Amino acid sequence: MVNDNFDVVLSVDRTLMTNHHGKEFLGFMTTGPPILVPEKVWMAIAAPKMEVDDIGRPREAPYGLRKIEAALLDAGIKAAVIDPDHLGKHLKNAKVLGIGHHDYFALGPPSSEWWVLTGKEPVNARYFKRFMEKPEIRAAKNNGLKIIVGGPAAWQWLWMPEYFEKWGVDTIIEGEAEKIIVSLVKDALDGKPLPQYVYVGFKDVPLLEEIPLIKNASVNGLVEIMRGCPRGCRFCSVTLRPLRHYTLEMIEKELQVNKSAGLDRCLLHSEDILLYGADGIRPKPEPLIKLHEMAKSYFEIVGWSHVSLSAVKYAQENYSLISRLSEIVLRNEYDFIGVEVGIETGSPKLAERIMPTKAAPYPAHSWPEIVKEAFSIMHDSRIVPAATIILGVPGESTEDLVKTLELIDELRHFRSLIVPMYFVPMGVLKNREWYRAKPSKEQLEIMKACLKHDLYWIRDLSKWYLKDMNPFVKYSLRLVIYLVEKMAKLFHLI
Amino acid sequence: MSSDKMLQIIVKKKSSSGDLCKFDNIISLFTKYRRVVVSMQGFERREILEAIRPLTTANISTTLIVYNGRYEGSEDYDEKLVIGQDG
């Protein structure tokens, strides 16, 4: 008999409590509004319901929620991640509801960009609002439930005081919460007052040995291999965290949790996979090869979250390491590895200013050349980068944008997707109509260039990416791509 | 780099002024401490969020814990600061 009386329930709306049909990249669709199809179809493609057990615990859950669940369980607190459709019976007894999100109100990229371009609220914000309005959450709140919110988008609550008050949120936690959450939850269970806001500083983040290991499966088998990033880019908060490399034993334990749950794949997660076990920002072959061979011994499908382009170039130039890793990971000659990378800009001047060490160990002014070489290496090794470009950083000039446009053009023949991220300065969020801000002519040209690039490659890539998907999703997605292409031609966007 | 010291700040809303205490004026103080515990007295919940906003771009390395109203914790503070008292 399962003890299903949980003091702490952890949950989130459907846009995150899903495995995106096993395709992480489809998760990007939840950052936009439905385009050319009804919302229900859009969500069925991007965020299907999760398989749950008999008490509503999802088979897979977002990794961040799993880490918090693990921290609480390790502390002897009765906690569980519950699917948003099964909250009712658990919230009758629970004293705390913990919520983690990547983009509560669609204020972060790329949601904010979709909002600016279409004037429509993205589905992640819509679903989160509906989640918070659920009668079972409202009823539990009225009965004294404490609501604690966190995750990478915790900062957004500071700009949404009306929702903070309306929904009766008690505490916002910004930063790595695994250590501090235990004392907060204990206070909540003891009826002590909770702080309204917690920012977790450098000395209160968990040390490597204090990071709890997940007890239940994560979405698409995601496992973290390191935390933090040594590159120090000005636009990124990850760089503020201390760098910690998981041991192979820690990683293996989490791989085993996912394997035991019946998952057939794993996704290695880090800000830069190639820096696992590295000497500073120089990748080293031995730890990477051991890591990949271990992951492959558990799963046929092994994916990457992010790599940096300078690490790709260094690893291949010095050790032919990209070729070696792709040989370990790829299943056959038709297979690819998809990974997120950051181009951010094609302007050496802007690169030197906002991300001076992103190119390291190469000089920042050679950034466009590094991007091209890394794309070429990945193309040859059957690795498909989904690359971001950041538009609208403070101080960005027309000359910078022209350089970016030129770089996108030069990447045309490398198998890849390029996604422009429209930077919305926080100060603008004070204005309730912030999403009506319009991109400049040059920024729009870059967005069009990205669309052209992506439509050039997407048919080719979708043959691989969608080949093992259910027919409904496959044909719906093909229809969306077809309609986007037609519209783009009709409006002379490509 | 912050030390292991803890600072308690009590912020009292001035009855004679509509000015909101914003943290951007005192962020530079935080770097000396491992933890800063703030008790904001007399503020609306939304006003506290507004006061905290400057922190989102301040890249602070100190842990900050902000309570709404009087907070009597059991922590031993190394220093104490009171802001915004009338008179």
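Two strands are taken to pair if DSSP finds at least two bridges between them. In the predicted model described here, this criterion is met across the boundary between the two chains: strand E6 of chain A and strand E3 (residues 63–68) of chain B pair in the antiparallel sense over three bridges. Within this pairing, A:Tyr199 has B:Leu64 of E3(B) as its bridge partner. The contact between the chains involves 19 residues of chain A and 23 residues of chain B. On the side of chain A that touches chain B, two or more residues are given by helix H7 (161–166) and by strand E6 (197–199) of chain A. The residues on this side of chain A comprise 14 nonpolar, two polar and three charged.

Chain A as a whole contains 17 helices and 14 strands. Its radius of gyration is 22 Å, close to the 23 Å given by the globule rule for 494 residues, so chain A is as compact as a globular protein of that length. Along the principal axes, the C-alpha atoms of chain A fill a box of roughly 60 × 50 × 45 Å. Of the 494 residues in chain A, 48% are buried. Among contacts in chain A between residues at least 6 apart in sequence, 78% join residues at least 24 apart.

One open sheet of chain A consists of three strands in the order E7-E10-E11, with parallel pairing. Strand E7 (222–224) and strand E11 (301–304) of chain A each have a single partner strand and stand at the edges, so one side of each is left without a neighbour in the sheet. On average, and with direction ignored, neighbouring strands of this sheet are turned by 25 degrees against each other. Strand E10 (residues 265–269) of chain A runs parallel to E11(A) and is joined to it by four bridges; A:Leu268 stands opposite A:Trp304 in E11(A).

Strand E7 of chain A also figures in the surroundings of helix H2, being among the elements that cover the buried residues of H2(A). Helix H2 (residues 63–74) of chain A has 12 residues, and the distance from its first C-alpha to its last is 16 Å, close to the 16 Å expected at 1.5 Å a residue. This helix is mostly covered, with 10 of its 12 residues buried. The buried residues of H2(A) include the charged side chains' carriers A:Arg66, A:Lys67 and A:Glu69, as well as A:Tyr63, A:Leu65 and A:Ile68. Their cover includes strand E1 (8–11), strand E2 (79–81), strand E3 (96–100) and helix H8 (180–189) of chain A. Just after H2(A), A:Gly76 adopts a positive phi of about 80 degrees.

How values were computed:
Residues are numbered from 1 along each chain as its sequence is written. Chains are lettered from A and ligands numbered from 1 in the order in which they are written. This is a predicted model: local features need pLDDT of at least 70, side-chain atom pairs count only at pLDDT 80 or more; totals for chains, interfaces and linings use all residues. Two residues are in contact if their C-beta atoms, placed from the backbone, lie within 7 Å. The radius of gyration is taken over C-alpha atoms; the globule rule is 2.2 Å times the number of residues to the power 0.38. A residue is buried if 20 or more other C-beta atoms lie within 10 Å of its own, exposed if 12 or fewer, and partly exposed in between; C-beta atoms are placed from the backbone. Axes are lines fitted to C-alpha atoms, for helices over the stretch in contact, and angles run from 0 to 180 degrees between N-to-C directions. The expected span of a helix is 1.5 Å times one less than its number of residues.
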